[in-house]
Amino acid sequence: MMAGPARPAPEPDRVRKIIHIDMDAFYASVEQRDNPDLRGQPVAVGGASRRGVVAAASYEARVFGVRSAMPSVTALRRCPELIFIKPRFDVYRAISQQIRAIFARFTPLIEPLSLDEAYLDVTDHLPPGGSATAVARDIRALIRAETGLTASAGVSYNKFLAKLASDRNKPDGLCVISPAEGPDFVLSLPVGRFHGIGPATAAKMERLGIRTGADLRAQTAQFLATRFGKAGRYYYDISRGVDHRQVRPDRLRKSLGSETTFFDDLHGLDAALAALSPIAQKVWDQAARAGLRARTVTIKIRFSDFHQITRARSLPRPIASAAELSAIIENLTAAVLPGPLGVRLLGVTLSGFDAPDNETDGQMELFR
């Protein structure tokens, strides 16, 4: 059944002015900035070992199909001249704070998504006679002048479209999507490009014959709700260029985790628990520094055949101590291991946070 034609949906009060800033190949660009010998070369930030993963790739490497989260061995097959650089997270964090300080000159409404991207709401913070587009240009110019790096920006009337726009003219680009253009902008885009539709959901949509924004718009709200639950309404709206989510600088962090990939497979429960101990301590310390108290613990185990499982436990109260966290992890792991396969990756995630104990807001850092 075909849904009715889309109409530009006005905001309840007025049209908002949202900017999405996305740094261009951030980690790799920092390395090329700091080492002139790397400029113009295919660079990957990450580990070059057979268990390594690409954290970021320069645009010269992307020409060969190298992408973030790709196994290093695959990246090297695609680009034998690829230069691997060890990450310098302290440097990246410091630069991201520089960038956020630039944002703060224009608006206090900043919602970081990751180390290298954020939403800004400038609706009520425009200079007299100014525009969101001019603000985006000024921010990009200041980032270049003060950090030597380039950023791309998207400007629109909601978060969904601003994020799509920032990817439109990368690298070092600017794209504006007006309220009149928004509903039709999404029609030809693959649904896999939509923020909020991951690979698994995109594959499910593909099986349902939903490949583009136009296909998604052709579905009724009931059809999408039946097959995708609460997310169905979000998909219905974004296919029409509608997104009422606010830019939330005070958004609580939903989860915090860490994981390790091992050069040699681990075998047995004792080996896994020994490896999980420092991971758990790292996550506990990060949560403590941010004043976050978690109720849910999730462990991730990836086996040598790349099969992956997760196990979780939730408490009716916050976890009281690092020792209690370790005990929960031990119980979860013992229910799975030992098994017939070796373990190549272990991870621990905390979630279900209560409000922070103090005024430190871990979300306000651009680094994740």
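Colleague: How should I read a helix against a sheet here: which strands does helix 13 lie across, and at what angle does helix 13 run to strand 10?

Modeller: The general idea is to ask which strands the helix touches and then how its direction compares with theirs. In this predicted model, helix 13, which covers residues 322-334, lies across strand 10 (296-303), strand 11 and strand 12, and its direction is about 45 degrees from that of strand 10.

Colleague: What is the strand order of the sheet with four strands, and which strands stand at its edges?

Modeller: One reads a sheet by its order in space rather than by the numbering. This open sheet has the order 9-12-10-11, and its pairing is antiparallel. Strand 9 (255-266) and strand 11 (308-314) stand at the edges with a single partner strand each, so one side of each has no neighbour in the sheet. Neighbouring strands of this sheet are turned against each other by 15 degrees on average, direction ignored.

Colleague: How many bridges join the pairs of strands, and which residues can I use to find the register?

Modeller: Strand 9 pairs with strand 12 (residues 343-351) in the antiparallel sense over eight bridges, and a useful landmark is Gly257, which stands opposite Thr349 in strand 12. Strand 10 and strand 11 are also antiparallel, over seven bridges, and there Thr298 has Ala312 of strand 11 as its bridge partner. When you follow such a strand by eye, it helps to remember that side chains in a regular strand alternate between the two faces of the sheet.

Colleague: What links strand 10 to strand 11, and how many residues lie between them?

Modeller: Strand 10 and strand 11 form a hairpin with four residues between them, and in the turn Phe306 has a positive phi of about 75 degrees. Another backbone angle to look at is that of Ala25, where phi is near 45 degrees, a positive value in a residue other than glycine. Ala25 belongs to the loop between strand 1 (18-23) and helix 1 (26-34).

Colleague: Helix 1 brings me to another sheet; which strands does helix 1 lie across, and how are those strands arranged?

Modeller: Helix 1 lies across strand 2, strand 3 and strand 4, and runs at about 115 degrees to strand 2. These three strands form an open sheet in the order 3-2-4 with mixed pairing. Strand 3 (54-57) and strand 4 (83-85) are at the edges, each with a single partner strand, so one side of each is left without a neighbour in the sheet. The twist from one strand to the next averages 30 degrees. Strand 2 (residues 43-46) pairs with strand 3 in the antiparallel sense over three bridges, one landmark being Ala44, whose bridge partner in strand 3 is Ala57.

Colleague: How should I read a pair of helices, for instance helix 10 and helix 11: at what angle do their axes cross, and which residues make the contact?

Modeller: One takes the crossing first, and then the residues that make it. The axes of helix 10 (residues 221-228) and helix 11 (residues 231-238) come within 7 Å and cross at roughly 140 degrees, which makes helix 10 oblique to helix 11. The crossing is right-handed. Helix 10 contributes Ala221, Leu224, Ala225 and Phe228 to the contact, while helix 11 contributes Ala231, Gly232, Arg233, Tyr235 and Tyr236. By class, the residues of this contact comprise seven nonpolar, one polar and one charged.

Colleague: What does the contact between helix 4 and helix 5 consist of, and how far apart are their axes?

Modeller: Helix 4 (residues 89-104) packs on helix 5 (residues 132-147) at an angle of about 140 degrees, with the axes 10 Å apart, and helix 4 passes helix 5 in a right-handed crossing. On the helix 4 side are Ile95, Gln98, Ile99, Ile102 and Phe103, which meet Ile139, Leu142, Ile143, Glu146 and Thr147 in helix 5. The residues of this contact are seven nonpolar, two polar and one charged.

Colleague: Where are the cis peptide bonds that I should look at before proline?

Modeller: The angle to read is omega. A cis peptide bond joins Lys170 and Pro171, with omega about -5 degrees, and Pro171 is in the loop between helix 6 (159-166) and strand 8 (174-176). Another joins Leu337 and Pro338, with omega about 0 degrees, and Pro338 lies in the loop between helix 13 and strand 12.

Conventions: Residues are numbered from 1 along each chain as its sequence is written. This is a predicted model: local features need pLDDT of at least 70, side-chain atom pairs count only at pLDDT 80 or more; totals for chains, interfaces and linings use all residues. Side-chain values use heavy atoms; hydrogens and water are left out. Axes are lines fitted to C-alpha atoms, for helices over the stretch in contact, and angles run from 0 to 180 degrees between N-to-C directions. Helices (H or I, at least four residues) and strands (E, at least two) are DSSP runs, numbered from the N terminus. Angles under 35 degrees count as roughly parallel, over 145 as roughly antiparallel, 65 to 115 as roughly perpendicular and the rest as oblique. A crossing is left-handed if the near helix is turned anticlockwise from the far one by less than a right angle, and right-handed if clockwise. Contact means heavy atoms within 4.5 Å. Ala, Val, Leu, Ile, Met, Phe, Trp, Tyr, Cys and Pro count as nonpolar, Asp, Glu, Lys and Arg as charged, and the others, Gly among them, as polar. Two strands pair if DSSP finds at least two bridges between them.
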